[in-house]
Amino acid sequence: MSSSITRRTFIKIAGLTIAVVATPSEFDILWGAKAQAEMTKGLSAGVWIQITPENSVIVTVNKSEMGQGIYTALPMIVADELEADWKQVKFEVAPAGDQYKDPVWGAQATGGSSSIRHMYEPLRKAGAAGREMLVAAAAEIWKVPAGECEAKLGAVVHGPSKRSLTYGELAVKAAAVAPAKEPKLKKENQFRYIGTSMPRLDILEKTDGSAKFGIDTMVPDMLYATVSRPYNYGAKVEVVHDAAAKNVKGLQKIVQIDRGVAFCADTLEAAWQAKKSTHIVWTQGIDPAMTNDTLEKSFETSLAKEGIVARKNGDAQKTFADAPQKLDLKYPLPYLSHATMEPMNCTAFVQADRCDIWAPTQNQTGTLMTAKRITGLKPEQIHVHTTYLGGGFGRRFEQDFVEEAVQTSKAINRPVKVIWTREEDFQYDYFRPANLSHIQAALDGKGNLTAWSHKIVCPSIFARVFPATMKNGIDNAAVEGLSNMEYDIPNISVEYVRIDTPVPVGFWRSVGSSHNAFTVETAIDELAHIAKKDPLKFRLELLGKHPRAQKVLQVAAEKAGWDKKPAKGIGRGIAYHLSFDSYVAQVADIEVNKKDGTIKVKKIVCAVDCGSVVNPDTVKAQMMGGIVMGLSSALKEKIEFARGKVVTENFDTYPLLTMSETPEIEVHIVLSNDKLGGIGEPGVPPVAPAVANALFNATGVRTRTLPMTPETVLKAIKGKA
């Protein structure tokens, strides 16, 4: 069902074409021949819909599908306003181009839980415009008032005469009708698909095995390639001893590229054998003595530096100094890997006047620009074919794997598929930043939270990826969930200290919220305990100005039976976090083996308010996926460093949560008509603090670092004893 389309193919499809263009103040709707003509000029529309004489409604999806259901949710929005018959709705994967840029970002990329948030309004307008054009076309044919005609399930019906015409029969005629500048959108009670759990359009090909992921790409005359990269960050090639490799059967080329040495062969096994047979001498690198300890010390040293103020209300330090009750806590958190199921891979074919790239990418604009830089070709000569992604989580926003394929193909003048091993995936990731937080919080004599001082030392993602967004030197990702914390605290300060280590960092699912929710929500729990208040009630008191936050907390607590004592041996904890405009609360029930420190999470109850819901099944699936990922990182994950490099190499040293360890998960959607929130990422942040707070409830001990491994928990329990 899905396939990349070319601009030429798109225009060949006769019928009604609708495009919606974002302008600084509104959305403009283009249609028919005008839309097609503008498309050839590289019109930045973002939304493209085709209604063909064959009765197909084709929605061109400009976002990447990495399991989040966007190939279904975006067409649902169009189909609802268009009043299309869902059986006739298809999707096409957009190639990379200005025509398909996100109307908010001005780039074609997928991330930040933004797909529905950014595309909802333009997609609705496009669908509504199409519906009105089809109705007008039918009215013109029948010479009746448009008000007597109604669009319904892929046809327009004239009520008085009972006549009807399908969308396919009307498509060409409708293409000549000018759409209203502001088409009338449906009321929510008129939605046919939005808010309904619809089966995903990508399920069939993913279950019968026909779905094409990046690693499935096959191109005639293609070679396989593997790349030898330096162990130490910043090291360069000095000498390549490849005499033995040249005897490997099937080896075709050994070429040096920016990131190392590429071995190209008829088979992947031959490429690996050639790499194994080659001895490369590398330069020393940036910090060949780097270890876990040296990194931790550098974070600790940086904590003493003056931070950049990201938020300041009142005088937190003075209030803290004078307070009768206070907490002074540090939270060191580790680097994390993305650990995607599908390892990094990219296939490229660079020719003199054309470059084709097949990639499981979250960043089509970045891929296009990377190829443009390497090949010197014009954007219109570069063709990015987006495949399915076997997990993204931010990792596939990066361009390192694309760069390797394009450079290698250019060097050998043949199509080449570069495939990373699992070990390379771990060693050369752009990790979730490690960080160190220092929280000083104060309570007055009545147990009211009066001061919160939060300094965080954290590497910057944005300084590398989007330096222009660094306002006053602050990386918003590092302080998200802190600078916008909703708890009503009269004296609050947030400071950011940027630290630059050799370790590259990048976007990781829920980004800064993934770690800041842990520090804030576990500290809040400690404060509630000191204040001798129920942790739920303590939070509700602090969120008096945020009814949506209060509501998700109340729903999660009610569904989890918060007001009842948990069963014997069960510890229960609660946590809440707002991220990507969605409010999420979770309650964790856990068992702790006090002899060996093992935590078994029995159940997670989640309540989410993400505003209008397009596909409830998708919301639940995304919350569950986020909870499992957050739980895995909370209990197991940590990248280790020694001898200047990453020493974590595979799942034996970086274990993930297994299916048998996955708890029962309940997700409750709190319906609201408020601002749309994202769903891909907000399920992650609350789970780690909910479990940590349940650990305290079960054992009376706190862990202020992650992961909560049996060793960490046992050490805490023994420390208490």
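# Exercises on helix 17 and aromatic pairs

**Exercise 1.** Determine what span is expected for helix 17 (residues 547–560) and compare it with the distance between its end C-alpha atoms.

*Solution.* Helices (H or I, at least four residues) and strands (E, at least two) are DSSP runs, numbered from the N terminus. The expected span of a helix is 1.5 Å times one less than its number of residues. Helix 17 has 14 residues, so it should span 20 Å; its end C-alpha atoms are 20 Å apart, which agrees.

The model is predicted: local features need pLDDT of at least 70, side-chain atom pairs count only at pLDDT 80 or more, and totals for chains, interfaces and linings use all residues. Residues are numbered from 1 along each chain as its sequence is written, and side-chain values use heavy atoms, with hydrogens and water left out.

**Exercise 2.** State which residues of helix 17 are buried and which elements they pack against.

*Solution.* Buried means under 20% relative accessible area, exposed over 50%, and partly exposed in between (1.4 Å probe, protein chains only). In helix 17, the buried residues are Arg-548, Ala-549, Val-552, Leu-553, Val-555, Ala-556, Ala-557 and Ala-560. They pack against helix 16 (535–542) and against strands including strand 23 (570–579) and strand 28 (664–669). Just after helix 17, Gly-561 takes a positive phi of about 70°.

**Exercise 3.** Classify the aromatic pair of Phe-462 and Phe-507, and explain why the pair ties together parts that are apart in sequence.

*Solution.* Rings of Phe, Tyr and Trp (its six-membered ring) pair if their centres lie within 6.5 Å; planes under 30 degrees apart count as stacked, over 60 as edge-to-face and the rest as tilted. The structure holds 17 aromatic pairs. For Phe-462 and Phe-507, the centres are 5.3 Å apart and the planes 80° apart, an edge-to-face pair. Phe-462 lies in helix 13 (residues 462–465) and Phe-507 in the loop between strand 22 (491–498) and helix 15 (513–530), so the pair ties together parts that are 45 residues apart in sequence.

**Exercise 4.** Classify the pair of Phe-466 and Phe-507, then decide whether Phe-466 is buried, exposed or partly exposed.

*Solution.* With 6.4 Å centre to centre and 35° between the planes, the pair of Phe-466 and Phe-507 is tilted. Phe-466 lies in the loop between helix 13 and helix 14 (476–479), and Phe-507 in the loop between strand 22 and helix 15, so this pair ties together parts that are 41 residues apart in sequence. Phe-466 has 37% relative accessibility and therefore counts as partly exposed. Phe-507, at 14%, counts as buried.

Key. Contact means heavy atoms within 4.5 Å.
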